[in-house]
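User: Please take a close look at the charged side chains of this model, and lead me slowly from the charges to the surface around them, with each term explained where it comes up.

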Amino acid sequence: MTQPHDEQGSSSPEELREHVEQTREELGQTVQALAGKTDVKARAQEKATAVRHQAAAMAGQLKTKAADVAHQVQGKLPDPVIDKAAHAADQVRARATQAGHLLEDNTPEPVRHKAAQGARAARDHRPLLLAAAAGALAVWLAYRRRKA
């Protein structure tokens, strides 16, 4: 951290001042590094951010993989099965829309307001929810493998 003195003679006052200033600079950097290591809240936030980014990346990978698998399966199905599934999906959509309208008509306003708040919160925290879903899926798969 500090440099040894010249053995050829004493240093000038200007050299000593420069040496003191350099030592102060090094000490300041050391103190900042130590303070950074002891700032638990900042380190926890950095770690949380890193985990959040990692979870978002994993969720993206899972989404891509699921889409690839769905595409592969869809390519292998015979046309009558695809047509029947499309018809069933249309019926389910129609029933769901009908049920949604019926539910909306019969649901009190405060409940609708709270449901809208929940939906907004889910949209605002989508990466976190995807990460939680990916974690739950991983736990379920691990449990299923152990059981088998």
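Analyst: For the count that follows, Lys and Arg are taken as positive and Asp and Glu as negative, while His and the chain ends are left out; each charge is placed at NZ of Lys, CZ of Arg, CG of Asp or CD of Glu. This is a predicted model, in which local features need pLDDT of at least 70 and side-chain atom pairs count only at pLDDT 80 or more, whereas totals for chains, interfaces and linings use all residues. Residues are numbered from 1 along each chain as its sequence is written, and side-chain values use heavy atoms, with hydrogens and water left out.

The protein carries 22 positive and 18 negative charges, and the mean position of the positive charges lies 19 Å from that of the negative ones.

To place these charges, it helps to know the framework that holds them. The protein has five helices and zero strands (DSSP runs numbered from the N terminus, with at least four residues of H or I for a helix and at least two of E for a strand), so that the order of elements, read from the N terminus, is α-α-α-α-α. With a radius of gyration of 31 Å, well over the 15 Å that the globule rule gives for 148 residues, the protein is more spread out than a compact globule (the radius is taken over C-alpha atoms, and the rule is 2.2 Å times the number of residues to the power 0.38). The C-alpha trace extends over about 100 × 45 × 30 Å along its principal axes. Of the 148 residues, 3% are buried (buried means under 20% relative accessible area, exposed over 50%, and partly exposed in between, with a 1.4 Å probe and protein chains only).

Within this framework, two salt bridges are found (a side-chain nitrogen of Lys or Arg within 4 Å of a carboxyl oxygen of Asp or Glu). One of them joins the side chains of Glu14 and Arg17, with a distance of 3.9 Å from N to O. These two residues are three residues apart in helix α1, which covers residues 13–38, and this spacing is about one turn of the helix. Glu14 is partly exposed at 45% relative accessibility, whereas Arg17 is exposed at 54%.

The other pair is Asp90 with Arg93, whose closest N and O atoms are 2.8 Å apart. Here too the partners are three residues apart, this time in helix α3 (residues 79–106), and about one helical turn separates Asp90 from Arg93. Asp90 has a relative accessible area of 46% and is partly exposed, while Arg93, at 51%, is exposed.

Beyond the bridges, Lys63, Arg120, Arg123 and Arg126 gather in a patch of positive charge on the surface (patches take residues with over 30% relative accessible area and no salt bridge, joining like charges within 9 Å and nonpolar side chains, namely Val, Leu, Ile, Met, Phe, Trp and Tyr, within 5 Å). Arg120 belongs to helix α4, which covers residues 109–124, and it is partly exposed at 40%.

The surface also has a nonpolar patch of about 450 Å², formed by Met58, Leu62, Leu137, Trp140 and Leu141. Helices α2 (40–76) and α5 (126–147) are the elements that give two or more residues to the nonpolar patch, and α5 supplies the largest share, three residues. Leu62, located in helix α2, is partly exposed at 34% relative accessibility. Taken as a whole, the accessible surface amounts to about 13300 Å², and carbon and sulfur atoms account for 59% of it (areas come from the Shrake-Rupley method with a 1.4 Å probe, and for residues only the protein chains shown count as cover).

Finally, some distances show how charged residues are spread through the model. Arg145 sits in helix α5 and is exposed, with a relative accessible area of 71%. Glu15, a residue of helix α1, is partly exposed at 44%. Between Glu15 and Arg145 there are 71 Å from C-alpha to C-alpha, and they are 130 residues apart in sequence. Glu21 and Arg145 are 124 residues apart in sequence, with 63 Å between their C-alpha atoms.
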